[in-house]
Amino acid sequence: MKFAKKLIAVLALVPGLAFAAEGGFPLERAPDRHDLSSLQNGAKLFINHCLNCHSASSMRYNRLRDLGLTEKQIQDNLLFSQDKVGGMMTTAMRPDDAKAWFGAVPPDLSVIARAKSSPSGTGADYLYTYLRTFYKDDARPTGWNNMVVPNVAMPHVMWQQQGIRQAKFADEKDPHDAGKTIHKFVGFEQVSPGTMTQQEFDTATADLVAYLSWMAEPAQGQRKKLGVIVLIFLSIFAFLAWRLNESYWKEVK
């Protein structure tokens, strides 16, 4: 019994230990918002705020029909003038211009939610924390910095919704080295309000992250449903096989 309790305690600490080994800013768990209205709002946010610089070259606009949108709704509300419903989600920004403006070419976001999964958390956790931890930093070329990705090249594209924030740091002595000072993050200070409250911004960010997660695997809903059907079939088959086995050996005996 004591061994079992110790084992449970160790397993409970595994996520924390994995994060401590990897280092970095702690990730917050992304809310589970995968209903159609949330995904539709996330798609709108993605196209309006992300697709200007980032591509999603593995995704077609007409795949948004899986989110309950008609081709007319996609055409009228989510397409730029030069795009077609059957076309790929690409950006008009040239890589050379992007590198000149931001110092790096913005990555393709088709599978970013899967690529950012790590022992610290899921890709959704990473994106949710990343998008909510921008702060004003005049020392950076874009004027913005980020807690998850220090010295990030990307500006805060949703700053008007969140408002302008500054990061607050405090100098503390390193417990392992008395002669060393740690620059520790202690929170954010709101400098000017945005068009959304903090709760509204968090909800919008969760919708955007939910869409990015869906885009990384649009068939995940069908996959999960098929998996349930397969498990039910295997359970019924195992039960029938067990009863057949009982009947067979009963006759043999």
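With a relative accessibility of 16%, D202 counts as buried, a word used here for residues under 20% relative accessible area, while exposed stands for over 50% and partly exposed for values in between (1.4 Å probe, protein chains only). The model is a predicted one, in which local features need pLDDT of at least 70 and side-chain atom pairs count only at pLDDT 80 or more, whereas totals for chains, interfaces and linings use all residues. Residues are numbered from 1 along each chain as its sequence is written, and side-chain values use heavy atoms, with hydrogens and water left out.

A good place to begin is the surroundings of D202. This residue sits in helix 8, which spans residues 198-216; helices (H or I, at least four residues) and strands (E, at least two) are DSSP runs, numbered from the N terminus. Apart from neighbours within four places in sequence, D202 is in contact with Y128 and R132, where contact means heavy atoms within 4.5 Å. With R132 there is also a polar contact between the two side chains, at 2.8 Å. Such a polar contact is a pair of N or O atoms within 3.5 Å; within protein, one must be able to donate a hydrogen and the other to accept it, and residues adjacent in sequence count only if both atoms are side-chain atoms.

Y128 leads on to helix 6 (residues 123-131), which is mostly covered, as nine of its nine residues are buried. Y128 is among these buried residues, as are G123 and L131. Together, the buried residues of helix 6 pack against helix 5 (112-115), strand 3 (134-136), strand 4 (144-146) and helix 8.

Helix 8 also meets helix 2 (residues 36-50): the two pack at an angle of about 90°, with their axes 7 Å apart. Here the axes are lines fitted to C-alpha atoms, for helices over the stretch in contact, and angles run from 0 to 180 degrees between N-to-C directions. The two helices are therefore roughly perpendicular to each other, the term for angles of 65 to 115 degrees. Among the residues that make this contact are S38, L39 and F46 of helix 2, together with D207, Y211 and W214 of helix 8.

S38 deserves a closer look. It lies in helix 2 and is buried, with a relative accessible area of 1%. Its side chain makes a polar contact of 3.1 Å with the side chain of R33, and another of 3.4 Å joins the side chains of S38 and D207.

Turning to the loops, R140 is found between strand 3 and strand 4. This residue is partly exposed, with a relative accessible area of 21%. R140 and V152 are twelve residues apart in sequence and 8.5 Å apart in space, C-alpha to C-alpha. Leaving aside neighbours within four places in sequence, R140 is in contact with N145, N151 and V152.

Finally, the structure holds twelve aromatic pairs, meaning rings of Phe, Tyr and Trp (its six-membered ring) whose centres lie within 6.5 Å; planes under 30 degrees apart count as stacked, over 60 as edge-to-face and the rest as tilted. F233 and F237 form a stacked pair, 6.3 Å centre to centre with 20° between the planes. Both lie in helix 9 (residues 220-252), four residues apart, about one turn of the helix. F233 counts as exposed at 53% relative accessibility, and F237 is exposed with a relative accessible area of 53%. Elsewhere, F25, Y135, F169, F185 and F188 form one aromatic cluster.

Conventions: Parallel < 35°, antiparallel > 145°, perpendicular 65-115°, else oblique.
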